[in-house]
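Let us walk through this structure together, one step at a time. Have the sequence and the 3D view at hand as you read.

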Amino acid sequence: MTMSYFRTPPTLLTGRGSVGQIGKEARKLGATKVLIVTDKVIVQAGLLPYVSKPLEAEGILYDVLDEVVPEPPFENLEQMAEKIQDNHYDLFIGIGGGSVLDAAKVLSIMITNPVNIRELVGTDKVAHPGIPTILVPTTAGTGSEVTCNAIFTDQRDMVKKGIVSPYLLPAVAIVDAELTFTVPPSVTAATGMDALVHAIESYTSVRANQITDGIALQAIKLISRSLRQAVFNPHDVKAREEMALGSLMAGMSFGNAGVGAVHALAYPLGGKFKVPHGVANAMLLVYVMKYNVVAHLPKFAEIAKAMGERVEGMSVREAAERAIVAMGTLARDLGIPTSLKDVGVTSADLPAMAQEASQIDRLLNNNPRWLTVKEIEQIYRDALGE
Ligand SMILES: [Fe+2]
């Protein structure tokens, strides 16, 4: 067995009502002056009191910074860091979707690592631990509350770039499904598919191990049996709870085993075509699975089983291909666009997109089947319908 780390936040608090404990958790961390990092959507949705009330009950002072923008550019972070750097906060609480949580994580290390943010891009470029954080997701998707990664847009070249460091892990992650009840169906579908991609890509990653496999398979099971209900009946509490847990577990798995070609190929769609991350992943998943399936037939057969497909009596290969069919059906049921044409991509765009995706070794190196720029362009062509 190859040596591997398994990293996850020291405290995971889950279940209905868990966010009500946030004041006590802040107190345990010795917080006296807290910054709540969020965005305007969360404030308008009325979710802030879930965090602010328990802080008030503990008599902990807090300020609110609601300036995170979706898929945040570096400039957004620099402006926020400048605003808060002299305020001596001793705890950051991030409440929101993946963009907010990523911003809260990175703001915490920007305060203790006063260098240009671009110097932090890459793996293990962060020298010092940040201000402690508590992260509270309000969507079931990104898993950002349990990963060492944060993704931003570089507006100089419109490329998505990642900061990866164990110092991005929060002190506490609180996953309370109640915060996801008001998420609209289109966002539930996109973020839920993102979580499913995390589980599938980490399960089939070359860095997967027995620990991440167990977590990933359970995540695939929870997400594939509950995503439709969560989208089509947003008030289905059990489905929302299973999605929240499934997303958390998918995050724990991919935070350690990594994600692969789906995420690498999705980056150019997010950067240049502004396709939401979950939608970009969902559009590419079936095509990447078709390419990857021969590289690990038994694992793809296990995915089919975890998705509830009937595979008794099938050969391993038939069962593995069943996973691809099931994934296509799920994406169609959820109304995910089926062709890259639907998001404005033309065949003339493909060579540059393939070139850009081929540079993302950090992710491509995890993929179960080797790809060069030629294979990447072919996958894009398949996804375009040519
Ligand atoms: Fe993702």
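A good place to begin is a pair of side chains, Lys83 and Glu67, which meet in a salt bridge at 2.5 Å, N to O. The term salt bridge stands here for a side-chain nitrogen of Lys or Arg within 4 Å of a carboxyl oxygen of Asp or Glu. Lys83 belongs to helix H4, while Glu67 sits in the loop between strand E3 (61–65) and H4, so that the pair links distant parts of the chain, 16 residues apart. Helices (H or I, at least four residues) and strands (E, at least two) are DSSP runs, numbered from the N terminus. Glu67 counts as partly exposed, at 29% relative accessibility. On this scale, buried means under 20% relative accessible area, exposed means over 50%, and partly exposed is in between (1.4 Å probe, protein chains only).

Before going on, a word on what you are looking at: this is a predicted model, in which local features need pLDDT of at least 70 and side-chain atom pairs count only at pLDDT 80 or more, while totals for chains, interfaces and linings use all residues. Residues are numbered from 1 along each chain as its sequence is written, and side-chain values use heavy atoms, with hydrogens and water left out.

The same loop between E3 and H4 also holds Glu71, and Lys160 lies in strand E8, so their pairing ties together parts that are 89 residues apart in sequence. The closest N and O atoms of this salt bridge, Lys160 with Glu71, are 2.2 Å apart. Lys160 is buried, at 10% relative accessibility, whereas Glu71 is partly exposed, at 30%.

Now step back to the whole chain. It is divided into domain 1 (11–180) and domain 2 (185–384), with bounds that come from an automatic or database domain assignment. Their C-alpha centres lie 26 Å apart. Domain 1 brings 23 residues to the contact and domain 2 brings 27, where contact means heavy atoms within 4.5 Å.

How much area is buried between domain 1 and domain 2? It is about 2000 Å², and carbon and sulfur atoms give 63% of it; buried area is the accessible area (1.4 Å probe) that two parts lose on being put together, summed over both. Lys160 appears again here: with Ala140 and Met158 it supplies 25% of the area that domain 1 buries against domain 2, more than any other three residues.

Across this interface the rule finds 1 salt bridge. For Glu241 and Arg16, which form a salt bridge, the closest N and O atoms are 3.8 Å apart. On the side of domain 1 that touches domain 2, strands E1 (11–14), E7 (149–154) and E8 (159–164) each give two or more residues, and E8 has the largest share, with 4 residues.

Thr139 can be found in the loop between strand E6 (133–137) and E7. At 16% relative accessibility, Thr139 is buried, and the residues it touches include Gly96, Thr180 and Val187.

Two other loop residues are worth a visit. His88, in the loop between H4 and strand E4 (91–96), has a positive phi of about 55 degrees although it is not a glycine. His88 is exposed, with a relative accessible area of 67%. Asp124, in the loop between strand E5 (122–123) and E6, likewise has a positive phi of about 55 degrees without being a glycine, and Asp124 is exposed at 54%.

Terms used
Lists of a residue's contacts leave out its neighbours within four places in sequence.
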